[in-house]
Each structure stands twice: as structure tokens, then as C-alpha cells.
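Got your viewer open? Load the model and keep the selection box handy, since we'll be hopping around the chain.

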Amino acid sequence: MSLFTGLFSGALIVCSGNPVAALKATIGEYIIPRFLDSYNAGIIVLLVFIGGFVTLLEKSGGAEAFARKVANFIDTRCKTQIAAWIGGILVFFSELGTPMIVGPIFAPIFKKMRISKEKLAWIIDCTASPVCVLIPFIGWGVTSMGLIQTELDNLGITAINDWTAFCNAIPYQIYPILCLCMVPMVAFCKKEFGAMAKAEQDARKGIFSKLPNEEAPKKNMITNNNVSPLVVILPLVVLFVTLFGILLPQGFPVKQVPGGDFRIALISGYLLAAITMILLMKHYKVMEIKEGISTYVKGCSKLFDCMVMLILAWGLSTVGGILGTSEFIVSIAQGTVPYWLVPSIVFLIGALMSFATGTSWGTFAIVMPIAIPVAYHLDASLFVTIGAVLSGGLFGDHCSPVSDTTILAASGANCELMNHTLTQLPYAVICAVVSFVGFIPATIAENAFVTVGCVAAMIVLYLAIAKYKGVTIENLSVLDIDAIEAEENSKA
């Protein structure tokens, strides 16, 4: 709604306040032409194929089988947290799939190991969107690249394409990288502070927070104990073999491949991977081929909201170009904002916007068309700026109480939403503060090793806070917990 409102408002200005002419221009000049553009149409088609494939993954039970394999190597509190972290990373195909797969599998294990629901919800949240935003060949990456390519075209930049720009920006997505690194660091350091420390201390005593009328979390997938992890692994192998099989003869990844060829390779890979998965689901008696095809077709609309958002964002970029929005911001910033501060400001704006709205994709769609031209004209690094846009947009998706990912992470861990938000927020703020500062040397040096320095800075800041405000939570083993339970039962 905010994107359409912005687009229509811009059209209203262009049409001198005539609402009828503005509505006609919005649809006829800014939406339909962008949708019919061959590049944009390729992005929409790719999102359709990705949606069908992701739906099959979620329904196959293969991801659950994969996560169960990970859970077999657990005998301490630390290993339990690391296993959930690995499981969340492996379920990389959907930020909404992670809570519904990892949460129900690990919830009883966390309870047995006396780890709080809040800690599980935090780990789920740290391995949902922060993983997805780093991967170029799923919905998040494809959507971001669509926004990036539009601005590259508008600026007449031909030396790089959307794929090159996104992949070069991955090391500068400082916030999601810090979120991912923080989970094993906290698990190994065994230090907690704030509301999380209280939740962990209570869990150590066998006291867990409860929801009103608490029920077991519902699983959003088919359960089949006979399903093998191959149901997930083999289709992904097919996807990558197809992708590289088509692109390697063109010199990929050494040479730049035209965006159209890359999208064709991805679409082919996702189609063959989906066919492979349907056959495997038939083999493991998850569903018949007819049902599998029906599930795939229904899933093709899974990313419909994203498609609409992209089309509106493309239209907004067009009307913004007509109004000279970027040029206006550049004229204000020139001489007042140093180039090395641009990504930090972009990150801050994106973080505040995404936290208020709870949407990362909406933030990307609004901020990217402004940030890239501003960075280009002020000679700030495009790659670092793109990383700042994605990092800022992710902040709200990761920890805002109105974010669907935050809500599902709490639901998957059977945890009350505000408990999850309040326990997670201090950890997220540490990552955000380090990210804001880290974008400055990253812009000056344009060196990915700055991100390594940011990880080190995060560890130092976390340990400093934990030293004065934190508590140590003992790394209990299964035997320790059995002994504690036996002692508690003897006193009962």
C-alpha cells in the first residue's frame, strides 16, 4: 500500500494534481510498461518458478529429515544451540520455512536440555532472514537484483550487472553476517545479559515461559518419518548442476554473463529440481505425482506479494526519475555529507523504516532506488551501499514485533511474541551499532576484511557488556541434567 501510495502521489505531482490523469498514468505509463520490459518479465517468471520449488520443499518433509539428522549429535547445551543454528542455516530456501521446520523439531530438545524458548526463538530468527538475504539465487536475491539492475540501467552503468553487484555486496552485508556469527559466539561463551539472562536462568531451573492456553506449535508441513534428506539434497544438486552446466560454457563465474542468460539458467535449474523432487516424493510415498504437480502449481503464486511489490517499486523508480528525487537528494547531500558516511546513513534510515513497518522487502523497494544514485553521484562505494540497504532493511524484519518473521520465530519456538522481541533486541542492537560504525571503514577501504574486523568488534563489545551486566550459564550435559532431574524428583 505504501509503495502504491508513493507511486500515485508522484504521478499526481507529474499530472499537476489531476487524480484521473494520475491514475491513468500510474497504470498505463509506470506499471504496465515496467511489467512488459523483458528484463523485469524475466524476474517475475523466475519468482514464479522459485515459489513452486520452495512450496515443494516445505511440503516434502525432506527439510525436516535433514534437521533431524543434525539433531542426532546433541549431548550438551552448547551443542544443542549449535545444532539448531546449523539446522536453520541449512533450511535456507525460505525465511518463513525456518521457524516452522526448525522450531517444532528443536523445541522438545531445548526443553530437555533446559534452554529457554526465548533462546530458540532468537536462534531461529538469526538463521531465517539473515541467511536468505545473503543468497543470490532465491527470492530474496532475485528481488534485490531486480531493484539493483533498474538503478544501474537508469545511471547508464554497464561495467557491472545485477548479479555482479549483488555478489560483490555480500561481504558488506554486515548486519546479517554479524547476526549469524553471534549465535555460536554466545553458545561458546555461555554469557547472557538482559531479559535473555533471566529466561536462561529460569530454564536452568526447569521454569519455562508459557503462552495463554498453550498448545504445541503446529507444523506447516507433511510429516513422514521414512523421508530421506535426499529429498532436499538431490534436487539442490540438480539445481546447481543445471545452473553451472548452462553457464560454464559462457565463462561463468570468471566472465560476466548476460542477465537474461543467467535467469534462463536459474529457471531451468529450478524446473528440473522441482521435477526431481516430485519424483522423490512419489518414491518416499509423501504424495502422488499428480498431487505433487498440483502442489507445485499452487506454490507458483507463493511470491505473489513480492512480484506486486517489485512492479510497484519499478514504477516508483520511474516516477522518481521524472521528478528528479535522487538528483534533489544529491544536491542537498553534496558538500554536506562526506562519501564515507553515505552507507551508514542509508543503513540507519533502512533500519528505522524496517523496524517501524516490519518489512524488509518494502524497505528495499523504497530505499534502493534512492541509495544507489546518491552513492554513485557522491562517489561512495556502490557495493558497500547496496550492502547497507540490505542490512538496514533486514534489521526490522529480524527484530521488529510487527515483522512476520519475528512472529513466526516466536510461534515456532512456542514463545510469547513480546518475550521473544525483548530478549532478542539487545543482541540485535549490538549487531546494529557495530554495523553502523563498520560501514564507515568499509566505504573508505572497500575491503571485505573490514567485515571480519566488525565480527571481532562485535565479540569485544558483547563480552564487555556481558562482563558487567551478564551472567554465566553453565554448559550442562545430558548426564548433568538427568542428575538434576533425579535430585528434583527425590525432593518432590
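Start with everything selected: of the contacts (heavy atoms within 4.5 Å) between residues at least 6 apart in sequence, 81% join residues at least 24 apart. This is a predicted model, where local features need pLDDT of at least 70 and side-chain atom pairs count only at pLDDT 80 or more, while totals for chains, interfaces and linings use all residues. Numbering runs from 1 along each chain as its sequence is written, and side-chain values use heavy atoms, with hydrogens and water left out.

Switch to cartoon and you get 24 helices and two strands; these are DSSP runs, numbered from the N terminus, with helices being H or I of at least four residues and strands E of at least two. Of the 492 residues, 55% are buried (under 20% relative accessible area; exposed is over 50% and partly exposed lies in between, with a 1.4 Å probe and protein chains only). Turn on the surface: about 20,300 Å² is accessible, 67% of it belonging to carbon and sulfur atoms (Shrake-Rupley method, 1.4 Å probe; for residues, only the protein chains shown count as cover).

**Stop 1: T26.** Select T26 in helix α2 (residues 19-36). T26 has a relative accessible area of 0%, so it is buried. Leaving out residues up to four places away in sequence, T26 touches F4, L7, F8, A11 and I31.

**Stop 2: helix α13.** Now pick residues 230-247: these 18 residues reach 25 Å from first C-alpha to last, close to the 26 Å expected at 1.5 Å a residue (1.5 Å times one less than the number of residues). Colour V231, V232, P235, L236, L239, T242, L243 and L247, which are buried. Look down the axis of α13: the buried residues line one face, because they fall within an arc of 125° (taken from the directions from the helix axis to the C-beta atoms).

**Stop 3: the α24 salt bridges.** A search of the whole structure turns up ten salt bridges (a side-chain nitrogen of Lys or Arg within 4 Å of a carboxyl oxygen of Asp or Glu). Show K112 and D482, whose closest N and O atoms are 2.9 Å apart. K112 sits in helix α6 (residues 97-112) and D482 in helix α24 (residues 478-491), 370 residues apart. Add E485, which also meets K112 in a salt bridge, at 3.3 Å from N to O. E485 is in α24 and K112 in α6, so this pair ties together parts 373 residues apart in sequence.

Which residue forms a salt bridge with E488? Select R114: its closest N–O distance to E488 is 2.7 Å. R114 is in the loop between α6 and α7, and E488 is in α24, so the pair ties together parts 374 residues apart in sequence. At 5% relative accessible area, R114 is buried, whereas E488, at 33%, counts as partly exposed. Elsewhere, salt bridges that share partners join R77, K119, E192 and E200 into one network.

**Stop 4: helix α12.** Select residues 194-204; M196, A197, A199, E200, D202 and A203 are the buried ones. They pack against α5 (77-90), α7 (117-126), β1 (191-193), α22 (417-445) and β2 (470-472). After α12 comes G206, with a positive phi near 85°.

**Stop 5: V337.** Finish in the loop between α17 (325-333) and α18 (342-357), where V337 sits. The C-alpha atoms of V337 and L378 are 8.7 Å apart, with their places 41 residues apart along the chain.
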